[in-house]
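Ready for some practice in reading a protein model? Work through each exercise with the structure open beside you, and try every task yourself before you look at the solution.

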Amino acid sequence: MAVRPGTYQLNLEGVTAAGAKLQFHQAVQVSTGHYPTTRLTVAPRFVEPPKEMLVQIRNEQVVKKHIFAESAAHALWRGVFEQPATASVSGVFGSARLFNGEKHSQHKGLDFRVHAGTPIHAANAGKVILARKLYFEGNFVVIDHGQGLMTLYLHLSEFKVKEGDQVEKGQLIALSGGTGRATAPHLHFAVRWQGVYLNPATLLKLSPP
């Protein structure tokens with residue numbers, strides 16, 4: 001969700017484990033973001049999918065909409081979120097993505113520079129709500145951490161978990177790859193919170209209780 005630059009009031013309400021109500025109010029300054037443009041070359045079928053694949057793509061969109069609409073009511077995570085792979089970042093959140101010269105999307109995650117077969121670990125505890133191959137995402141894992149917070153792992157080569165599994169922080173969930181719309185093996189790591197994609201780099205820096 002985009003907002004114009006300016007000052008906004010942040011109001012948070014919560015309840016402690018003992019049942020006491022908490023409130024937090026603070027003015028937040030929103031400034032204009034500046035993001036790079038990334039030009040990528042992929043197989044033409046990932047820019048203009050063949051007609052016989054359009055039904056599959058639409059069905060996958062329905063699956064994702066259903067999956068993203070459900071989240072545990074309580075927090076499943078504990079403590080800080082950890083980087084899912086030991087690697088440097090090769091693609092940043094928010095960059096404009098030009099596939100074969102055409103703009104198709106903003107980059108909604110972080111890309112980690114990993115070779116095919118690199119172990120990928122759960123960023124935190126949660127439930128695997130998706131573990132299957134999709135057209136654009138390739139082999140794709142989504143972990144629900146509760147309260148609308150989810151982490152997404154794309155372009156994998158091999159699953160080490162299945163849908164419905166409960167996972168712990170740091171648990172092996174997959175091996176990296178280059179499946180789906182990918183120019184080369186890497187890990188695309190994304191974060192959704194209550195339907196909005198957030199910069200994973202911010203989540204990895206937080207120190208929640």
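**Exercise 1. Place Asn124 in the model, and decide whether Asn124 is buried or exposed.**

Solution. Keep in mind that you are looking at a predicted model.

Step 1: Follow the chain to the loop between strand 8 (119-121) and strand 9, where Asn124 is found.

Step 2: Take the relative accessibility of Asn124, which is 1%. Buried means under 20%, so Asn124 counts as buried.

Step 3: Look at what surrounds this residue. Leaving aside neighbours within four places in sequence, Asn124 is in contact with a run of residues that includes Trp77, Arg78, Gly79, Val80 and Phe81. Other contacts of Asn124 include His145, Val167, Glu168 and Lys169.

Step 4: Pick out a polar link. The side chain of Asn124 reaches the backbone nitrogen of Arg78 at 3.0 Å.

**Exercise 2. Describe how strand 10 pairs with strand 9 and with strand 11.**

Solution.

Step 1: Start with strand 9 (residues 126-134). Strand 9 and strand 10 run antiparallel and are joined by seven bridges. As an example, Arg132 has Phe140 in strand 10 as its bridge partner.

Step 2: Find the connection. Three residues link strand 9 to strand 10 in a hairpin.

Step 3: Move on to strand 11. Five bridges pair strand 10 with strand 11, again in the antiparallel sense. Here the bridge partner of Asp144 is Met150 in strand 11.

Step 4: Find this connection too. Strand 10 and strand 11 form a hairpin with four residues between them.

Step 5: Check how covered strand 10 (residues 138-144) is. Seven of its seven residues are buried, and the strand is mostly covered.

**Exercise 3. Which phi values do Gly146, Gln147 and Gln194 have, and where are these residues found?**

Solution.

Step 1: Recall the general rule. Most residues other than glycine have a negative phi.

Step 2: Begin with the glycine. Gly146, in the turn of the hairpin formed by strand 10 and strand 11, has a positive phi of about 90°.

Step 3: Turn to Gln147, in the loop between strand 10 and strand 11. Its phi is near 60°, a positive value in a residue other than glycine. With a relative accessible area of 40%, Gln147 is partly exposed.

Step 4: Go to the loop between strand 14 and strand 15 (196-198), where Gln194 is found. Gln194 is not a glycine either, yet has a positive phi of about 50°. Exposed means over 50%, so Gln194, with a relative accessible area of 56%, is exposed.

**Exercise 4. Find the contacts of Ile67 and its separation from Gln29.**

Solution.

Step 1: Locate Ile67 in helix 1.

Step 2: Read its accessibility. The relative accessible area of Ile67 is 13%, so this residue is buried.

Step 3: List its contacts. Neighbours within four places in sequence aside, Ile67 is in contact with Ile129, Leu130 and Met150. You have already met Met150 as the bridge partner of Asp144.

Step 4: Compare sequence with space. Ile67 and Gln29 are 38 residues apart along the chain, and their C-alpha atoms are separated by 33 Å.

**Exercise 5. Work from strand 7 to the second largest pocket, using Asp111 and His188.**

Solution.

Step 1: Find Asp111 in strand 7 (residues 109-112). Its relative accessible area is 7%, so Asp111 is buried.

Step 2: Trace the pairing of strand 7. Two bridges join strand 7 to strand 4, and the two run antiparallel; Val89 has Phe112 as its partner in strand 7. Strand 7 also pairs with strand 14 in the antiparallel sense, over four bridges, and there the partner of Gly109 is Ala190.

Step 3: Link the side chains. Asp111 and His188 are joined by a polar contact of 3.1 Å.

Step 4: Step into the pocket. His188 is one of the lining residues that lie nearest the centre of the second largest pocket, along with His107, Leu154, His155 and Arg181. In total, 34 residues line this pocket. Among the elements that give two or more residues to the lining are helix 1 (51-68), strand 11 (149-159) and strand 14 (187-193).

Step 5: Finish with volume and make-up. The pocket has a volume of about 830 Å³, and its lining has 14 nonpolar, 13 polar and seven charged residues.

Note on methods. Residues are numbered from 1 along each chain as its sequence is written. This is a predicted model: local features need pLDDT of at least 70, side-chain atom pairs count only at pLDDT 80 or more; totals for chains, interfaces and linings use all residues. Side-chain values use heavy atoms; hydrogens and water are left out. On a 1 Å grid over the protein atoms alone, a cavity is a set of points where a 1.4 Å probe fits but cannot get out, and a pocket is an open set with protein on both sides within 12 Å along at least five of seven lines; lining residues have an atom within 4 Å of a point. Grid points are joined across faces, edges and corners, and a volume is the space filled by probe spheres set on the points. Ala, Val, Leu, Ile, Met, Phe, Trp, Tyr, Cys and Pro count as nonpolar, Asp, Glu, Lys and Arg as charged, and the others, Gly among them, as polar. Buried means under 20% relative accessible area, exposed over 50%, partly exposed in between (1.4 Å probe, protein chains only). A polar contact is a pair of N or O atoms within 3.5 Å; within protein, one must be able to donate a hydrogen and the other to accept it, and residues adjacent in sequence count only if both atoms are side-chain atoms. Two strands pair if DSSP finds at least two bridges between them. Contact means heavy atoms within 4.5 Å.
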